[in-house]
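Here are my notes from a pass through this model, in the order I'd go through it with you at the bench. Have the structure open while you read.

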Amino acid sequence: MEKIFIVGGGPAGLLLASKLSERGFKVTLFEEHKMIGYPEHCTGIVRTNFFELLGYKKLNSLILAKYMGGQIIEEPCNKKFELFISQVKAVMIDRPNYEKTLTEIALSNGAQILLGKRAQIINHDGKAVVKTGIERFNGDLVIGARGPRANPNLKVLHGVQAKIKFERPIEENHVTVVFSHKIPKFFGWIAPYEQGNYAKVGVATLSSSVRQSLLHILSLIKDKYSIQGYFGGPVVVGGIGKNALYANYLPVGDEAGHVKPLTGGGLDLAAVAALKIVEDLKSDNDNFVCYKTWWRSVKRSLLFSEIVGNIFFGLPFQLRTAWINKLIEKPYVKKVLEMGDFDDHSKVLLTLFLSQFKFFEL
Ligand SMILES: Cc1cc2nc3c(=O)[nH]c(=O)nc-3n(C[C@H](O)[C@H](O)[C@H](O)COP(=O)(O)OP(=O)(O)OC[C@H]3O[C@@H](n4cnc5c(N)ncnc54)[C@H](O)[C@@H]3O)c2cc1C
């Protein structure tokens, strides 16, 4: 591979730029915004060992909060469930600084990062070509990392968050998840960080309800706070696996549907996909066997999660509360969550489902 072009400077594109340039590949990345990491649109919650997985353990200093459990608020029944486990299961990372650090690594390894450059990926005689204005760039490989808007097959909800500052710090070690008739199709969340001095309060839902849903979840917070700003973007919840993959074009991250439909989380899968692609390129594997094998198996589990999500979010509220209520009382739930990986929902769900039957009970 001589020349690699990456379109999109979000976490997926930047991780590839940093990893590929570290391996000596000639990389050029196009990002339409003038600043890396902004506009911010993500909560940044990932599995505990996220940076170890990337081989960037030194970035652990970018962890803003560690979570050992969660609180679920189920409305309109007004039920509150608490689930705490004895280990850290997820962390919040400083996403803008994560992206800036990846950019620095890529630049220091000779990658070209072109900011304020909106690029198109066009199909020219069966080959992907990058086009910015009148300029055309022919690469051996064109990676599409343009986020969810670049893939019309994806099912997306509207995500919006408020960053709030508390007058007095609150407890930081858990995330609150709110299921409510006022947040149709998905849920809301309150994720404290920086020793509980701040929180990201968000919802993902239908665009027609998003404003009211956010106001509703903010109204649930009893501690005094001030709003520091709002941000958001599309949250992918389905349509995964219907991405094009032709000749020298390879989509990654949200553009490829590398997202978990039950939470809309994409940082982890985008990172693993990027690492698989790097592995293929390192061993001159132009057919991306390593990446494709991984994606085939992951896609199956994501499709399973998508079906579970459709059933769960389609259930009448009373039925859903009754099910959560029943499940949460079982001692094995805690065990499953302790064993399970925060970022592998389908495995956790399947184990939970099977655990309900006597034969499989833990
Ligand atoms: C409200 C909200 C909360 C979220 N919370 C979490 C979370 O807690 N954990 C988690 O794992 N995930 C979360 N996500 C999802 C996560 O943000 C995405 O999965 C992740 O950002 C995907 O990264 P990406 O690089 O594929 O795409 P993006 O982050 O969308 O980046 C794409 C980049 O490409 C650029 N671009 C687009 N088109 C062009 C073009 N034509 N030319 C040049 N540049 C272009 C864009 O400007 C952008 O910088 C959340 C999403 C939202 C909206």
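1. Let's begin with a loop. G126 sits in the loop that joins β9 (120–124) to β10 (127–132). Keep in mind throughout that this is a predicted model.

2. Is G126 buried, exposed or partly exposed? It counts as partly exposed, because its relative accessibility is 38%, and the partly exposed class runs between 20% and 50%.

3. G126 also has a partner from far along the chain to look at. Y249 is 123 residues away in sequence, yet the C-alpha atoms of G126 and Y249 are 9.7 Å apart.

4. Now over to helix α1, where you'll find K19. This lysine has a relative accessible area of 8%, so K19 is buried; the cut-off for that label is under 20%. What does the side chain of K19 have beside it? A polar atom of that side chain lies 2.6 Å from the backbone oxygen of L54.

5. On to the ligand. It is surrounded by 33 residues, and E31, I45, R95, A119 and D254 are the closest. Sorted by class, that shell holds twelve nonpolar, 14 polar and seven charged residues.

6. Some polar neighbours of the ligand are worth clicking on. Two involve protein backbone: an N or O atom of the P11 backbone is 3.3 Å from a ligand oxygen, and one from the G44 backbone is 3.2 Å from an oxygen atom of the ligand. A third involves a side chain, with an N or O atom of R118 lying 3.5 Å from a nitrogen atom of the ligand.

7. How much of the ligand does the protein bury? On its own the ligand would expose 990 Å², and the protein buries 91% of that. The elements giving two or more residues to the surrounding shell are α1 (11–22), β2 (26–31) and β17 (225–238). Of these, β17 gives the most, with three residues.

8. Last stop: the second largest pocket, with a volume of about 400 Å³. Its lining is made up of 17 residues, and Q71, I73, T176, I190 and L220 lie nearest the centre. Four strands each supply at least two lining residues: β5 (69–74), β6 (79–84), β14 (174–179) and β15 (188–193).

9. What is the lining of that pocket like by class? There are seven nonpolar, four polar and six charged residues in the lining of the second largest pocket.

How values were computed
Residues are numbered from 1 along each chain as its sequence is written. This is a predicted model: local features need pLDDT of at least 70, side-chain atom pairs count only at pLDDT 80 or more; totals for chains, interfaces and linings use all residues. Side-chain values use heavy atoms; hydrogens and water are left out. On a 1 Å grid over the protein atoms alone, a cavity is a set of points where a 1.4 Å probe fits but cannot get out, and a pocket is an open set with protein on both sides within 12 Å along at least five of seven lines; lining residues have an atom within 4 Å of a point. Grid points are joined across faces, edges and corners, and a volume is the space filled by probe spheres set on the points. Ala, Val, Leu, Ile, Met, Phe, Trp, Tyr, Cys and Pro count as nonpolar, Asp, Glu, Lys and Arg as charged, and the others, Gly among them, as polar. A residue is near a molecule or strand if one of its heavy atoms lies within 4 Å of it. A polar contact is a pair of N or O atoms within 3.5 Å; within protein, one must be able to donate a hydrogen and the other to accept it, and residues adjacent in sequence count only if both atoms are side-chain atoms. Accessible areas come from the Shrake-Rupley method with a 1.4 Å probe; for residues, only the protein chains shown count as cover. Buried means under 20% relative accessible area, exposed over 50%, partly exposed in between (1.4 Å probe, protein chains only).
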